[in-house]
Amino acid sequence: MTGIKIDKDRCKACGLCASVCQMGAVTIDRKADSRYGDGCAVVNENCVGCGMCALVCPDIAIEIRSVIK
């Protein structure tokens with residue numbers, strides 16, 4: 001199982017991650033608290049852990065984590 005972690009201190013809410021997510025799992029929450037004040041990317045339960053969001057993130061704000069059960 002894979003999980004996605006978004007670093008709110010790095011995310012600038014540019015939207016690149018959301019634009020490449022084919023599952024619609026990544027969105028930009030403009031009201032989310034973040035370091036830059038423009039909101040932050042958030043991931044919902046539709047995420048399949050493909051990692052495309054992390055690949056396009058220019059701020060290295062997205063981490064793919066493997067979860068062992």
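## Surface and charge

The protein exposes about 4,700 Å², and carbon and sulfur atoms supply 50% of that area. The coordinates come from a predicted model. Of the 69 residues of the protein, 29% count as buried.

The protein carries 9 positive and 8 negative charges. The mean positions of these two sets are 2 Å apart.

## Overall dimensions and fold order

The radius of gyration of the protein is 11 Å. A compact globule with 69 residues would have a value near 11 Å, so the two agree. Along the principal axes, the C-alpha trace spans about 35 × 20 × 20 Å.

Two helices and four strands make up the list of elements in the protein. Read from the N terminus, their order is β-α-β-β-α-β. Among contacts with a separation of 6 or more, 64% join residues 24 or more positions apart.

## The loop between β1 and α1

Strand β1 covers residues 2–6, and the loop between β1 and α1 holds Ala13. Cys14 lies in the loop between β1 and α1 as well. What is the relative accessibility of Ala13, and is this residue buried or exposed? Ala13 counts as buried because its relative accessibility is 5%, and the cut-off for buried is under 20%. Cys14 has a relative accessibility of 46% and therefore counts as partly exposed.

The backbone of Ala13 has a positive phi of about 60 degrees, although Ala13 is not a glycine. Most residues other than glycine have a negative phi.

## Helix α1 and Leu16

Helix α1 consists of residues 16–20, and Leu16 is found in this helix. Its relative accessibility is 38%, so Leu16 counts as partly exposed; the partly exposed class lies between the 20% and 50% limits.

Which residues does Leu16 touch, once its neighbours within four places in sequence are left aside? The contacts of Leu16 are with Val56 and Pro58. Thr27 is eleven residues from Leu16 in sequence, and the C-alpha to C-alpha distance between Leu16 and Thr27 is 9.8 Å.

## Ser34 and the loop between β2 and β3

Ser34 is found in the loop that connects β2 (26–29) and β3 (40–43). With a relative accessibility of 12%, Ser34 counts as buried, because the limit for that class is 20%.

Where does the side chain of Ser34 reach at 2.9 Å? Its partner at this distance is the backbone oxygen of Gly39. Apart from neighbours within four places in sequence, Ser34 is in contact with Lys8, Gly39 and Cys40. Gly39 thus appears both in the contact list of Ser34 and as the residue whose backbone oxygen is reached by the Ser34 side chain.

## Asn46 and the loop between β3 and α2

Asn46 has its place in the loop between β3 and α2. This residue is partly exposed, with a relative accessible area of 36%.

Leaving aside neighbours within four places in sequence, Asn46 is in contact with Met23, Gly24 and Ala25. Ala25 is 21 residues from Asn46 along the chain, and the C-alpha atoms of Asn46 and Ala25 are separated by 4.9 Å.

## The loop between α2 and β4

Helix α2 covers 52–56 and strand β4 covers 62–66; the loop between α2 and β4 contains Ile60. Cys57 lies in the loop between α2 and β4 too. Is Cys57 buried or exposed? Cys57 counts as buried because its relative accessibility is 16%. Ile60, at 62%, counts as exposed, because the limit for exposed is over 50%.

Ile60 has a positive phi, near 50 degrees, and is a residue other than glycine. A positive phi in a residue other than glycine is also present at Ala13.

Cys57 can be placed relative to residues in the N-terminal part of the chain by C-alpha separations. Cys14 and Cys57 are 43 residues apart along the chain, with their C-alpha atoms separated by 8.7 Å. Gly15 and Cys57 are 42 residues apart along the chain, and the corresponding C-alpha separation is 8.9 Å.

Conventions. Residues numbered from 1 in each chain as written. Predicted model: local features only at pLDDT ≥ 70, side-chain atom pairs only at ≥ 80, totals over all residues. Heavy atoms only, no water. Buried < 20%, exposed > 50% of the residue type's maximum accessible area, 1.4 Å probe, protein only. Contact = heavy atoms within 4.5 Å. Polar contact = N/O pair within 3.5 Å; in protein donor to acceptor, adjacent residues only side chain to side chain. Rg over C-alpha atoms; globule rule 2.2 N^0.38 Å. Areas by Shrake-Rupley, 256 points an atom, 1.4 Å probe, with all protein chains shown as cover. Lys, Arg positive; Asp, Glu negative; His and termini not counted. Charge placed at Lys NZ, Arg CZ, Asp CG, Glu CD.
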